[in-house]
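Pull up the model and keep the sequence alongside. We'll walk through a loop, a couple of helices and some charged pairs.

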Amino acid sequence: MQTEVRNGSRSYVWLLHIAIWAVLFGMPFFSPRLGHPLHGGVNYSRFVPVLVSFFIVFYVNYFLLIKKYLYNRKFGLFILWNILLIALVSFLVHLVFKYAFPVAADIRPHRRQVPLIRHLSQIVRNSVSYLGIVCVAVAIRMTGRWYRDENKRKETEMLKAETELANLKSQINPHFLFNTLNNIYSLIGIDQAQAQEAVHDLSGMMRYLLYESEQPTVSLASESAFLKDYVKLMSLRLPEDRVRTEVSLPEDSGTRIAPMLFIPLVENAFKHGISDTEGSFVKIDLHEDGDSVVCRVENSCFPKDDKDRSGSGIGLRNLSRRLDMLYHGKYSFEYGPVSDKYQSILKIKTI
């Protein structure tokens with residue numbers, strides 16, 4: 001597909017070249033001088049050698065000199081070869097006018113001007129014209145090269161971003177599974193029946209991870225159902241008299257969102273917001289606000305000590321990186337302690 005696009009771009013470039021030269025070669029027929037008929041015959045014949053010389057200077061630079069010398073920063077050789085090229089082309093044009101149009105060259109009224117000065121002024125005018133042609137060739141060639149390099153750079157960055165995003169998602173799933181299995185392991189010693197139910201719930205969540213979450217986007221309702229099952233799984237081993245859980249999730253929203261963006265916030269709340277001895281709470285509110293999706297998670301703050309590496313924060317770091325790649329400039333993410341609680345607020349613009 002990319003090859004087809006590049007070939008199509010080259011076709012358009014050559015069509016542009018053909019159109020420009022067709023216009024230039026046709027100019028004498030569409031630009032009559034005031035009081036004179038359209039150019040033709042000898043007048044047009046005198047115009048063609050000059051334009052052909054422009055053509056030669058342009059494409060010798062376009063195909064050879066720019067690539068061989070200018071691309072390699074050999075500016076001195078580039079200038080030297082252009083001087084030689086322009087001198088050679090000018091000399092050939094001079095011979096054409098001298099031997100092919102000897103009469104036409106003397107049609108213009110004689111001016112009282114020293115022949116040497118007249119020739120020098122003509123050389124200067126011709127050199128400026130050829131210099132302009134060289135500049136145009138350089139501009140077109142370098143602009144084309146810049147676009148090609150820029151497209152390659154963007155393709156490389158896109159491939160790198162896609163690879164990094166896939167790596168981040170692959171890190172999220174094991175991280176989620178690690179936390180969940182820890183909870184199920186704790187539950188086995190308390191209530192085996194609930195542990196079995198938890199394994200069943202976990203299998204359903206893993207199906208979501210393996211299939212739906214592999215899509216670029218999922219419905220907000222699907223993501224909410226996943227979060228609901230996760231909260232249920234986490235709540236199984238929590239004492240109801242000490243832990244208060246409040247959850248508000250949309251159930252029928254068709255808004256599309258990248259998968260697995262909110263689970264790190266919920267994981268973090270259960271990991272750092274629950275105490276084995278003190279009263280605790282976790283509040284989860286996911287809702288739509290106009291063209292944005294807002295997730296607010298609040299919890300009591302009981303951070304893990306340095307010995308507990310399961311609370312190392314990889315989830316939030318990965319989330320921040322994913323958000324920057326998926327919704328750059330279209331999201332806000334704030335998290336940290338607020339008074340005696342910990343709060344995370346993620347707002348994503350979906351349009």
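Start at Ser339, which sits in the loop between β6 (331–338) and β7 (341–349); keep in mind that this is a predicted model. Ser339 is exposed, at a relative accessible area of 75%. Cys301 is 38 residues away from Ser339 in sequence, yet their C-alpha atoms are 9.7 Å apart in space.

Now look at helix α5, residues 192–210. Its 19 residues reach 26 Å from first C-alpha to last, close to the 27 Å expected. Ala195, Ala198, Asp201, Leu202, Met205, Tyr208 and Leu209 are buried in α5. They cover an arc of only 120° around the axis, so they end up on the same side of the helix. Flip to the other side of α5 and you'll find exposed residues: Gln192, Ala193, Gln196, His200 and Leu210. Asp201 also turns up in a network of salt bridges with Glu197 and Lys232.

That brings us to charges: the structure holds nine salt bridges. Two of the pairs lie in helix α4. Arg145 and Asp149 are four residues apart there, about one turn of the helix, and their side chains meet at 3.9 Å, N to O. Arg153 and Glu150 are three residues apart and meet at 2.4 Å. Why does that spacing work? An α-helix has 3.6 residues a turn, so residues three or four places apart point the same way.

Arg153 is partly exposed at 36%, whereas Glu150 is buried at 18%. Arg296 and Glu298 form another salt bridge, with their closest N and O atoms 4.0 Å apart; here Arg296 is partly exposed and Glu298 is buried.

Notes. Residues are numbered from 1 along each chain as its sequence is written. This is a predicted model: local features need pLDDT of at least 70, side-chain atom pairs count only at pLDDT 80 or more; totals for chains, interfaces and linings use all residues. Side-chain values use heavy atoms; hydrogens and water are left out. Buried means under 20% relative accessible area, exposed over 50%, partly exposed in between (1.4 Å probe, protein chains only). The expected span of a helix is 1.5 Å times one less than its number of residues. The arc is that of the directions from the helix axis to the C-beta atoms.
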